[in-house]
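Hello,

Here is the structure I promised to pass on to you. Please have a look at it first, and then read my notes below.

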Amino acid sequence: MLGYIFQRIVRAVPQLLLISVLAFIIIQLPPGDIVTLQIQRLRNSGVEVDEVQAQALIRQYGMDKPMYQRYFLWITNIITKFDFGYSFTFEKPVTEVIMERMGYTFAIALFAHIFTWTVAIPIGVYVAVKQYSITDYIVTFITFIGLAVPAFFLAMIIMYVALTKFDIRAGGLFSQEYLVLPWSWGKFLDLLSHLWLPIILLGTGGVAGTIRTMRAMMLDELRKQYVTVARAKGLSEFQVIVRYPSRLAINPILSGVMWLLPWLFSGGLMVEIVLNLQTAGPALYSSLRNQDMYMAGAYILITGFLTAISAILSDVLLAVSDPRIRFGGVEGA
Amino acid sequence: MSTDTVLAEIKNLRTYFYLAEGVVRAVDGVDLVIKSGRTLGVVGESGCGKSITALSLMQLVPSPGRIEGGEITYYRTIHKTASSTTADAINITRLKPDSREMRSIRGNQISMVFQEPMAAMLPVRTVGAQIMEAIMLHQQVSKEEARKRAIEILSRVKLPNADRIVDTYPFQLSGGMRQRAVIAMALSCNPNLLIADEPTTALDVTTEAQILDLMRELQREFDMAIMYITHNLGVIAEMADEVAVMYMGKVVEQTDVTSIFRKPLHPYTQALLRSIPQLDDVMARAAGQKKRLETIKGMVPDPYSVLKGCSFHPRCPQYIEGVCNQITPEVIEVDPNHIVRCHLYASHAAQAQTNKDATP
Ligand SMILES: Nc1ncnc2c1ncn2[C@@H]1O[C@H](COP(=O)(O)OP(=O)(O)O)[C@@H](O)[C@H]1O
Ligand SMILES: [Mg+2]
């Protein structure tokens, strides 16, 4: 098992290097470089920047060096000092911007997924067992609507209803009065009271799809002989369903964990913007629009890195759940 | 050792499937008797309702199938000592499939081995865990005790290194070993009746022979009845004490294993016997003579059809116009313990009737 994990990590290293090169090339693609742009910006706002200062800036950012040297400078700073460069839009180091937001982002994404799973997995199993029943038809109908309605639209509707009917100001992570205060018990409770809405909203977005996946997988598994064998042992129908076909039907959900971490940064973006959350996604998104080069590079790199980590994570989870993967077995059930 | 006590009796069992295309009468009036400690072989072409009969006996008919009528009387063991067994009669068709009472019989008193050893176990749980589950379900024992019993039963089906196999996953075993493990699982609670539904069909011949040997041995050891389902008359010859021949949801002939081969009555049974290669055929071919193996003419009619008269009449070489396609044949006892559903033996029925009338 440990060997397996180690092997997966080793294999991820070249992937990550490739991602970093690509990220760097992408952020260099737009016309005009970031330093010239910054000098422009400073001049526009009335700050005097003379040639000497401009040259100093250019040297500071290594703009006079060839591209591969700039890449090495960039990646070395990231690896050795965890320094992603400076964000011109936020006017602080990129690392700081991201770290401020990381905790919330992670908490929201994790709980949103837990919400999705606890709602969708039992429903998916249930409708598969009761295939073609009224419940199945109703759930199927709702999930199709759920798949068609974008999550951010749902977020807007709920915010509207919450505000007009219940006088709840949904959105943000903190109330106005706690925003600038240091951490306290009250601020924590305030955070919790704001957190449930994005969690449910972001979670709901995944429910429909997860129900569909779970239902399809269950229908496949329910047909298999081991289910009849389990019944023939004398297990109750509930025990049979939970201990047998569900154990295998859950596998695609485990591989879905692969998307959990990158999803932190991009999956819930629309909802996060609509709900005005101080999470990492919207911050990075705006950097892409503003040619905030280091911020954007960090965005691409971190997303790629998290994808690789998540892929390892879901492979490990799968291997824990399915010994055929662990032992390199090939044939299906 | 083999007594003639009846363990289970199926009477006029009907199990139908309700599909969009029509009703499939998978089992349409089956009568069978299973005796304690003996082997009943059930033979017939694929699709004739063997598996569904067996599944009905365990109340495991898959939807959209349903037991429509008939009775399955099972003599349930209530109390067992070394010298005597107390039993009560229970009508299985009356029990709800998921009821506690039915579940206490399933896997405990009646258990089943299926055709596909590769698919019979969940690939993600160990062999031992899946055997222990049945033991812990039916016998109030601790986990350690259940594990001990699982290892013990694995060694009784002649698996080498049972104490290692208990911790392996099903996909790590070969087909033959896996079928042994599945048999071990079925035997783990000491059943009175083991239903074996083509347990060797998916195995190669050598492995098949080993499994058949094993099952005969275990039957003696465990003193259990076996309902052995197969389409292979060769296997019947090796395994069965009694034989029931099924055709389109009905038992068309039932007798002891010697009579089925020496004196087959039903034209379908006769045709089945002719379709297995005999030594004569092999010799003839070796001598360069052209001799083709006989096959039963025609095809099994589609399962939705309800044929008037005898369901075998379109394929029957001894078909009597106006009788076989009009009148459903009744069960006729041609010899003691030899029954057949065929109009050719109608005179025996009349004979039996007059004999009965004559006795005061
Ligand atoms: N799940 C099912 N749904 C519909 N029809 C079925 C199902 N299972 C069996 N049948 C039908 O019942 C009949 C008997 O099947 P079965 O008992 O499996 O035959 P066999 O003698 O080969 O074991 C067949 O005609 C088959 O089409
Ligand atoms: Mg069958």
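The notes below go through a sheet, a pair of helices and the cavities.

Please keep in mind as you read that this is a predicted model.

Let me start with the sheet in chain B. Eight strands make up an open sheet with mixed pairing, and their order is β6-β7-β8-β3-β9-β10-β12-β11. At the edges sit β6 and β11 (332–335) of chain B, each of which pairs on one side only. From one strand to the next, the twist averages 20°.

Within that sheet I looked at one pair of strands in some detail. Strand β3 (residues 39–43) of chain B and strand β8 (residues 225–230) of chain B run parallel and are joined by five bridges. If you want a place to start looking, V42(B) stands opposite I229(B) in β8(B).

Two helices are worth viewing together with these strands. Helix α7 (residues 205–222) of chain B packs on the sheet and touches β3, β7 and β8 of chain B. The direction of α7(B) makes about 160° with that of β8(B). Helix α1 (residues 50–57) of chain B lies across β3, β6, β7 (193–197), β8 and β9 (242–247) of chain B, and α1(B) runs at about 150° to β8(B).

Now over to chain A, for a pair of helices. Helix α5 (residues 94–129) of chain A packs against helix α15 (residues 280–289) of chain A at an angle of about 140°, and their axes are 8 Å apart. Because of that angle, α5(A) counts as oblique to α15(A). On the α5(A) side, the contact is made by V97(A), I98(A), R101(A) and T105(A); α15(A) brings A280(A), A283(A) and L284(A). Sorted by class, this contact has five nonpolar residues, one polar and one charged.

Finally, the cavities. How many cavities of 30 Å³ or more does the structure hold? There are four, and the largest has about 90 Å³ of space. Chain A lines this largest cavity with V229(A), A232(A) and K233(A), while chain B lines it with G107(B), S111(B), M112(B), A134(B), V182(B), M185(B) and A186(B). The elements giving two or more residues to this lining are α9 (225–232) of chain A and, from chain B, β6 (110–113) and α6 (175–187). With three residues, α6(B) gives the most. By class, the lining has seven nonpolar, two polar and one charged residues.

Happy browsing, and best wishes

Technical notes. Residues are numbered from 1 along each chain as its sequence is written. Chains are lettered from A and ligands numbered from 1 in the order in which they are written. This is a predicted model: local features need pLDDT of at least 70, side-chain atom pairs count only at pLDDT 80 or more; totals for chains, interfaces and linings use all residues. Side-chain values use heavy atoms; hydrogens and water are left out. On a 1 Å grid over the protein atoms alone, a cavity is a set of points where a 1.4 Å probe fits but cannot get out, and a pocket is an open set with protein on both sides within 12 Å along at least five of seven lines; lining residues have an atom within 4 Å of a point. Grid points are joined across faces, edges and corners, and a volume is the space filled by probe spheres set on the points. Helices (H or I, at least four residues) and strands (E, at least two) are DSSP runs, numbered from the N terminus. Ala, Val, Leu, Ile, Met, Phe, Trp, Tyr, Cys and Pro count as nonpolar, Asp, Glu, Lys and Arg as charged, and the others, Gly among them, as polar. Axes are lines fitted to C-alpha atoms, for helices over the stretch in contact, and angles run from 0 to 180 degrees between N-to-C directions. Angles under 35 degrees count as roughly parallel, over 145 as roughly antiparallel, 65 to 115 as roughly perpendicular and the rest as oblique. Contact means heavy atoms within 4.5 Å. Two strands pair if DSSP finds at least two bridges between them.
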